Amino acid sequence: MFRAARVVLILAAVSSNRASAQNAPLFIQHVAVVDVNAGQVLPDMTVEIRGRTIAAMDSARRVRVTRGARIVDGRGKYLIPGLWDMHVHLSFPPGAAQIFLPLMVANGVLGARDTHSFLAPIISLKHAVAIGVQVGPRLFVAGTAVDGPNSYLPGARVVHTPDEAKEAVRQLKAAGVNFIKVYSSLPKELYLVVANEAKNEGIPFVGHVPYPVTAAEASDAGQRSLEHLTEVDVGTSSDESAIKAEELEAMNQKHGYIPDPNRLKSTFDSVKAAALFERFRQNDTWQVPTLVVFYQERQIADPGARGDDSLLVYIPKLLRDYWRSLPTDIATKMVALYAVHADLVGRLNRAKVRLLAGSDSPNPFVYPGFSLHDELGLLVHSGLTPAEALRTATINPATFLGVTDSLGTVATGKVADLVLLDANPLADIANTKRIHAVIQGGRFLNRGALDAMLARARARAAGSSR
């Protein structure tokens, strides 16, 4: 009896000590904090985290460490806000989200915007992450994209009449989505109905610019973000009217349209571009270029040069097989379009049009978590400074989503969603890949914990092959 009681007491003490360790304040000492707003480093800082919140941040010599606190030595390290991927798809194929969501966290991506998934699964995932039963970034979701009768998008919510368009907006909002997504084959009259109903319902709408609509018209209609520079590239061409006519023909045949990159280059109109970009600024229309999805098409365009891709171990077999089955002709065009879009990104940035980082994973050879870092590199290659690129994945998403009171910067009072890096991302944006630790909602995940997360994702992907 005495021994049994003693064992109970010992177990209770161990449990209590573990709980105390988890609940103890966390101090990251002598760390360089990256101020993403100012684009500069604050050296030798100490950041105090209590629970889920940054309780204090000041010069290391001014912060007193609480007795019993957990201390992390931040010397030689750089602390940035948690990263965001503002264009992902998580419910294709079914079950893949349980692989993809932890991959994102392991890569420091602690927030994401899902821009088209099956409605019930993505709402369930959003809830599961929010209550902590699923590892993953906080999610803002669109559910199912709204498209027209000639849709070629798998799983689209197809509407045929104004009443159906209104009902789609109302039902999606009632289901718990954060925004409405429109797609390429939505007729103009139904697009305008969606825009008006979204305004009436107080919910933003985003997405592709439909083929019957110009980028300027979409901006004027209040579309909050344009994805992949759809119709932005066409809207800067002196041949816009002719290209739009070809797009409508493609839409009527129920397939997509990729503009000829050489035609876009030869007909680029700087006066039209300046006017369009000014419209975006006036209307606060954001751009999500997803450059990496175009860049990675080179893996399909030239299979002989593909080689081994070590990240394929994180991709379910069904998806790997699909990627490898895709035709090379469309991929070749997409690769050429990447150069046109990279040039546009530089011009948009110089014109002060606001940008968001998005990967469009899991499109071909675009990897959840990993490819967000590649997108940042491509943004820098397009003319952004490392600081500007970092903003597209930190403070800009927080601003776009209206959550700057709690996220987007490293500051007292903010949620402790943070990434600890081994090198300065303002010196080289590739340093965002050098992750030493991730702090998610105040929970400290060291390199060992992140590696274990990656190992479990690999095992789950391998299991999908059986």
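## Exercises on a predicted model

At 58% relative accessibility, Lys352 counts as exposed. Keep that residue in mind; we'll come back to Lys352 in Exercise 5. The model you're looking at is predicted.

### Exercise 1: Get the overall picture

**Task.** Work out whether the radius of gyration of the protein agrees with that of a compact globule, and describe the fold in broad strokes.

**Solution.**
- Step 1. Start with the expected value: for 466 residues, a compact globule would have a radius of gyration near 23 Å.
- Step 2. Now compare. The protein has 23 Å, so the two agree.
- Step 3. Look at the extent along the principal axes: the C-alpha trace spans about 85 × 50 × 50 Å.
- Step 4. Check what the chain is built from. You should find 18 helices and 17 strands.
- Step 5. Ask how the chain folds back on itself. Take the contacts between residues at least 6 apart in sequence: 73% of them join residues at least 24 apart.

### Exercise 2: Inside and outside

**Task.** Find what share of the residues is buried, then describe the surface and the charges.

**Solution.**
- Step 1. Of the 466 residues, 54% are buried.
- Step 2. Turn to the outside. The accessible surface comes to about 19,500 Å², and carbon and sulfur atoms account for 52% of it.
- Step 3. Count charged side chains: there are 50 positive and 44 negative ones.
- Step 4. Find the centre of each set. The two centres lie 11 Å apart.

### Exercise 3: Track down the cores

**Task.** Say which residues have the most contacts inside the largest nonpolar core, and which helix gives the most to that core.

**Solution.**
- Step 1. The largest nonpolar core has 109 residues, and the ones with the most contacts inside it are Leu90, Ile180, Phe277 and Phe280.
- Step 2. The helix that gives the most to this core is H14 (residues 328-350), with nine residues.
- Step 3. Don't stop there, though: a second, separate core has 18 residues, including Val31, Val47, Leu420 and Phe444.
- Step 4. Zoom in on Phe277. Setting aside neighbours within four places in sequence, Phe277 is in contact with Val232, Thr236, Leu344, Arg347, Leu348, Ala351 and Val353.

### Exercise 4: A helix wrapped up by the rest

**Task.** Decide whether helix H2 (residues 97-106) is largely enclosed or open, and explain why.

**Solution.**
- Step 1. Go through the helix and pick out the buried residues: Ala97, Ile99, Phe100, Leu101, Pro102, Leu103, Met104, Val105 and Ala106.
- Step 2. That's nine of the ten residues in H2, so the helix is largely enclosed by the rest of the structure.
- Step 3. See what comes after the helix. H2 is followed by Gly108, with a positive phi near 80°.
- Step 4. Then look before the helix. Pro93 sits in the loop between strand S6 (83-88) and H2, and the peptide bond from Phe92 to Pro93 is cis, with omega near -15°.

### Exercise 5: The loop after H14

**Task.** In the loop between H14 and helix H15 (370-381), find a cis peptide bond and two non-glycine residues with positive phi.

**Solution.**
- Step 1. Pro362 lies in this loop, and a cis peptide bond with omega about 5° joins Ser361 to Pro362.
- Step 2. Back to Lys352, which is in the loop too. Its phi is positive, about 65°, although Lys352 is not a glycine.
- Step 3. Asp360 belongs to the loop as well, and Asp360 has a positive phi of about 65° without being a glycine.
- Step 4. Now check burial, where under 20% is buried and over 50% is exposed. Lys352 has 58% relative accessibility, so it's exposed. Asp360 has 6%, so it's buried.

### Exercise 6: Two residues and their surroundings

**Task.** For Pro25 and Lys333, decide whether each is buried, partly exposed or exposed, and list their contacts beyond four places in sequence.

**Solution.**
- Step 1. Place Pro25: it's in the loop between helix H1 (2-23) and strand S1 (26-35).
- Step 2. Its relative accessibility is 10%, so Pro25 counts as buried.
- Step 3. Beyond four places in sequence, Pro25 touches Ile49, Arg50, Ala69 and Arg70.
- Step 4. Lys333 lies in helix H14, and because its relative accessibility is 33%, Lys333 counts as partly exposed.
- Step 5. With the neighbours within four places left out, Lys333 is in contact with Ile258, Pro259, Asp260 and Pro261.
- Step 6. Finish with a distance. Lys333 and Lys254 are 79 residues apart along the chain, and 19 Å separates their C-alpha atoms.

Definitions and conventions. Residues are numbered from 1 along each chain as its sequence is written. This is a predicted model: local features need pLDDT of at least 70, side-chain atom pairs count only at pLDDT 80 or more; totals for chains, interfaces and linings use all residues. Side-chain values use heavy atoms; hydrogens and water are left out. Helices (H or I, at least four residues) and strands (E, at least two) are DSSP runs, numbered from the N terminus. The radius of gyration is taken over C-alpha atoms; the globule rule is 2.2 Å times the number of residues to the power 0.38. Buried means under 20% relative accessible area, exposed over 50%, partly exposed in between (1.4 Å probe, protein chains only). Contact means heavy atoms within 4.5 Å. Accessible areas come from the Shrake-Rupley method with a 1.4 Å probe; for residues, only the protein chains shown count as cover. Lys and Arg count as positive and Asp and Glu as negative; His and the chain ends are not counted. The place of a charge is taken as NZ of Lys, CZ of Arg, CG of Asp or CD of Glu. A nonpolar core is a set of buried Ala, Val, Leu, Ile, Met, Phe, Trp, Tyr and Cys residues joined through side-chain atoms within 4.5 Å.
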